[in-house]
Amino acid sequence: MLDANAVDYETSIPNNVGLSNDRRVLKALEKWHPGYLDWWNEMGPEGFQESLVYLRTAVGVEPGGWAKFDYVRMPEYRWGVLLAPKEEDRLIGFGQHKDQPAWQEVPGEYRAILQRLCVIQGDTEPASVEQQRHLGKTAPSLYDMRNLFQVNVEEARHLWAMVYLLQKYFGKEGRAEAEGLLFRRSGDDDKPRMLGAFNEATPDWLSFFMFTYFTDRDGKMQLESLAQSGFDPLARTTRFMLTEEAHHMFVGESGVSRVIQRTCDAMKQAGIENPFDIDKIRALGVIDLPTIQKKANLHYSLSLDLFGSEISTNAATAFNNSLKGRYKEDKIEDDHQLINATYPVLKPVDGQFVLVDEPALTALNMRLRDDYTRETDGGVSRWNRQMNKNGIDFEFKLPSVSFNRSIGLFSNIHTTPEGEALNQDEFLSRKDEWLPSSDDGAFVSSLMEQVTEPGSFAGWISPPRIGIDNKTGDFEYVRLQ
Ligand SMILES: [Fe+2]
Ligand SMILES: [Fe+2]
């Protein structure tokens, strides 16, 4: 008997959704495929399309044990359509349709909003590939290069995931949106990607690690709330995407931690105790801790903007209509409908920040952002424990949610990372204290040099504790061609 969760690699498009019996969708995807490959070749990792990369490919969709590792040329990666196993008789867990059977088709009245959710999610996936396409040329090791490419092929697979939903469930409009996802370009003046953080540059590897730590985690939170959706195909799609996402966040957190470790080691070796002795530390060829903090400030604040306005009727509607739930909705104990519930929202009032109770339904973006901040803070605490162990007196901190914001309640005010109000001139004149300056950027860029000797690492980052797929330190993760 065919295992319902096994992935069919016989068709041109690997899948576990029975594509070979779904002619209409198979045809639509096959029609989309060449344009996708053009996009990958034009916008995917620059200069490495011929290289053999030790990548994981999904062979099943159960948590754990789903991957097989092998050398693959990236354009030949088997991008596919993979949904988490179907839960029989699943009931909707929240909103006005709570306890009704999950929908297997799009409810007509929610078509537009569901389509929009898929398009916005879908747009971020190729955007990050575009942002990171030049990083292979400065990879600090083959291990890191492989991790970058793994993230890239999986983000590209996430594009497939959303395109499948658009083509299967949203007809002609869905097909047009699927084309649009290949048309927009990160950072392009005329046809930018839809969300701000996805049009920013990822100029160096520290930015890449910060991006995967902070911005991929926003992605995770969005996917978590879509994984609760009453529209079952969306819930199952995003649930499987989450299993891939975990690796991306590992790359970010461990990447930053390895940069920190290398800096601590170099400082200790040189007998430098003061982390603000920046010139001396930089002369060692490592990234000083204050610059790492500035990068974190930037990426955290950009990522907070991705949660949208704190008070949002769109968020309320999506929840109320049982389309987008809360983080871990199924673990929360309440009515799951938020009738009469309130949620405290931090607001600027006369130069002070105060918590104001708002209807919980309209404050859902705020709540998700708070969940995000809590998780993000966890990693920052781990970096600080590492500082402690190294005996270096420096503490990483997340900036205030009021700092450097472009969207929501804080977008019209300026503050320090500690949340003290400033006027615009003060902010602009002191900005370089808190955000990477062009000098900081130039310094970090000056360290970025490609290292391709198996087992070797650039001088600004320490080796990982364990290899991918339990490989030993000198494993050749990428065979350059
Ligand atoms: Fe993704
Ligand atoms: Fe990701």
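Trainee: Which residue in strand 4 is the bridge partner of Pro 344?

Mentor: Asp 357 is the bridge partner. Keep in mind that this is a predicted model, where local features need pLDDT of at least 70, side-chain atom pairs count only at pLDDT 80 or more, and totals for chains, interfaces and linings use all residues. Residues are numbered from 1 along each chain as its sequence is written, with chains lettered from A and ligands numbered from 1 in the order written.

Trainee: What makes strand 3 and strand 4 a pair?

Mentor: Pairing takes at least two DSSP bridges between two strands; strand 3 (residues 342–349) and strand 4 have 8, in the antiparallel sense, so they pair. They form a hairpin with 2 residues between them, and Asp 350 in the turn has a positive phi of about 50°.

Trainee: Why is strand 4 called hardly covered?

Mentor: A buried residue has 20 or more other C-beta atoms, placed from the backbone, within 10 Å of its own (exposed: 12 or fewer; partly exposed: in between). Among the 8 residues of strand 4 (352–359), the count of buried ones is 0.

Trainee: And helix 10, which residues are buried there?

Mentor: Among them are Leu 364, Tyr 372 and Trp 383. Their cover includes helix 5, helix 6 and strand 3.

Trainee: How do you know that the span of helix 10 agrees with its length?

Mentor: The rule is 1.5 Å times one less than the number of residues. Helix 10 has 27 residues (364–390), so 39 Å is expected, and its end C-alpha atoms are 40 Å apart, which agrees. Gly 391 follows, with a positive phi near 70°.

Note on methods. Helix = DSSP H or I, 4+ residues; strand = E, 2+ residues; numbered from the N terminus. Contact = placed C-beta atoms within 7 Å.
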